[in-house]
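This report reads through one protein model. It takes the sheet, then the helices, then the empty spaces.

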Amino acid sequence: MAHVRSLFFEGPLAGVENKALTAYQLGRPSEIIWNITDRCNLRCDHCYMAADGHAREEQLSDDETIALVHQMGEAGVPILFLTGGEPLLRANFWDILTEAREQDMNVTISTNATMIDAEVARRLKSHGVDYIATSLYGPDDFHDAMVGVPGTRARVVEAIRVLRAEGVGVAIKSAVSRDTWPHVYDLIQEAKDLDAGLIYLCDLITSGRSEGEEGERVTSAEWRELADFILEDMLDPDSRLEYDIGALPSVIPYLAEKLLERGHDVSRALERLTIMSACPVGKGHMSINSEGGIMPCQFAQDWTVGNVRDMTLDEAVRELFELDALEPSGQCGPCEYSRICRGCRTKAFHEFGDPMGEDTTCILHAEGDRAPLKKAVFAAASAGAPCAMGGCT
């Protein structure tokens, strides 16, 4: 994940990003994405975890979830994403949310929004929820076909409207694939029209129901076209939309090069990236599945380093920090951006079974479609281990 406007221009999420950076530098978890349930009332074609109507037999009990939130507070976790499946289907969802807010965490709910009406929106606002993240993929019929339930898109749009009426921030998410590509630019405009503060555009993750569908990704040239559009929009003084790019960290050095060509100072962003790279794996970021498995990334549900039933969050984050000391292989290894971009470690895990394999979707190194790298754009830099920066004490 990379909040582009906030990274380069002190955008609306700069404060939250600074909390994550501080936590990482102190050797703590910088953010946690928690799949509190596998249950879902939709059947999205591309769901990375193939969520359905069933909860896992070994999912954390209600008592275990509250104890885990307490531990997050003790560990100084600044940012928590509650997701699923559909998180509102978890029976003790509101108890989890209440406890997280009492622990002073910034909370975002990632939901399909079909269970949000005016009353729920007011309740979310009263609980101090910062953002609701929900998905749109295209026009009504297209969206409804993708999620498997007729009438869903209309319900999502109405939920967005009632959330904004209550003053709850909204992030619109969409997977970027061959199917959704014709609708991406319309979705960006719709995010503005609906007064959403952020749009999250994620390259297709080929796990869950999308396993084996690498051919459904858009090309590097198309991603560069989209990145150029985002750049122009960020430079438009009348635009305030935040962009978050998922599973394609090479977009960040690409945009940095473009900004430098136009004479913009990107030194603050580059300094930050040497500490917390565009791919968050090993940078204090952690995901937890419904059974308590601790993952470097939520898009790889079978890549775990332990379980909250067996290890503390402090122990887990140290385990994850060790990933940052490893160097990726292939085209990611010698790349001058390796410490700033890192490549998508989850894609490498899915493609090669090795999280330190190369990211073959890099938009700067695409075979036969190469955008030449600008040498010496970034000074050779590597992030120090968190303990070397004063943490782990």
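What is the order of the strands in the open sheet of 11 strands? The order is E1-E8-E7-E6-E5-E4-E3-E2-E9-E10-E11, and the pairing is mixed. The edge strands are E1 (2-3) and E11 (306-307), each of which pairs on one side only.

The model is predicted. Its mean pLDDT is 92. Of the residues, 93% reach 70 or more. Residues 379-393 stand apart as a stretch with pLDDT below 50. In the model that stretch has 27 contacts beyond near neighbours in sequence.

**Pairing in the sheet**

Strands of a sheet pair through backbone hydrogen bonds, either parallel or antiparallel. Three pairs from this sheet are set out below.

| Strand pair | Sense | Bridges | Opposed residues |
|---|---|---|---|
| E5 (131-135) and E6 (169-176) | parallel | five | Ser-135 and Lys-173 |
| E2 (31-35) and E9 (285-288) | parallel | four | Ile-33 and Ser-287 |
| E9 (285-288) and E10 (293-295) | antiparallel | two | Ser-287 and Met-295 |

Strand E9 deserves a closer look. E9 pairs with E2 in the parallel sense and with E10 in the antiparallel sense. Ser-287 takes part on both sides: its bridge partner in E2 is Ile-33, and Met-295 stands opposite in E10. In a regular strand the side chains alternate between the two faces of the sheet. In E9, His-285 and Ser-287 point one way, while Met-286 and Ile-288 point the other way. All four residues are buried. The hairpin of E9 and E10 has four residues between the strands. There, Gly-292 takes a positive phi near 90°.

**Helices**

Helix H11 spans residues 267-275. Its buried residues are Ala-269, Leu-270, Arg-272, Leu-273, Thr-274 and Ile-275. What covers these residues? The cover includes helices H1 (4-9), H2 (14-25) and H10 (251-261).

Gly-73 lies in helix H3, which runs over residues 62-74. Is Gly-73 buried or partly exposed? Gly-73 has a relative accessible area of 22%, so this residue counts as partly exposed, because buried means under 20%. Leaving aside neighbours within four places in sequence, Gly-73 is in contact with Gln-103 and Met-105. Gln-103 is 30 residues away from Gly-73 in sequence. In space, the two C-alpha atoms are 5.1 Å apart.

**Cavities and a pocket**

Rolling a probe the size of a water molecule over the atoms shows where empty space is left. How many cavities of 30 Å³ or more does the structure hold? There are three. The second largest cavity has about 100 Å³ of space. Its lining has 13 residues, and the closest to its centre are Cys-332, Cys-335, Cys-341, Cys-362 and His-365. By class, this lining divides into seven nonpolar, five polar and one charged.

The second largest pocket has a volume of about 220 Å³. Which residues line the second largest pocket? They are Tyr-48, Met-49, Thr-206, Ser-207, Gly-208, Glu-211, Glu-214, Gln-301, Asp-302 and His-350. Two of these are nonpolar, five polar and three charged.

Definitions and conventions:
Residues are numbered from 1 along each chain as its sequence is written. This is a predicted model: local features need pLDDT of at least 70, side-chain atom pairs count only at pLDDT 80 or more; totals for chains, interfaces and linings use all residues. Side-chain values use heavy atoms; hydrogens and water are left out. On a 1 Å grid over the protein atoms alone, a cavity is a set of points where a 1.4 Å probe fits but cannot get out, and a pocket is an open set with protein on both sides within 12 Å along at least five of seven lines; lining residues have an atom within 4 Å of a point. Grid points are joined across faces, edges and corners, and a volume is the space filled by probe spheres set on the points. Ala, Val, Leu, Ile, Met, Phe, Trp, Tyr, Cys and Pro count as nonpolar, Asp, Glu, Lys and Arg as charged, and the others, Gly among them, as polar. pLDDT is the predictor's confidence in each residue, from 0 to 100. Contact means heavy atoms within 4.5 Å. Buried means under 20% relative accessible area, exposed over 50%, partly exposed in between (1.4 Å probe, protein chains only). Two strands pair if DSSP finds at least two bridges between them.
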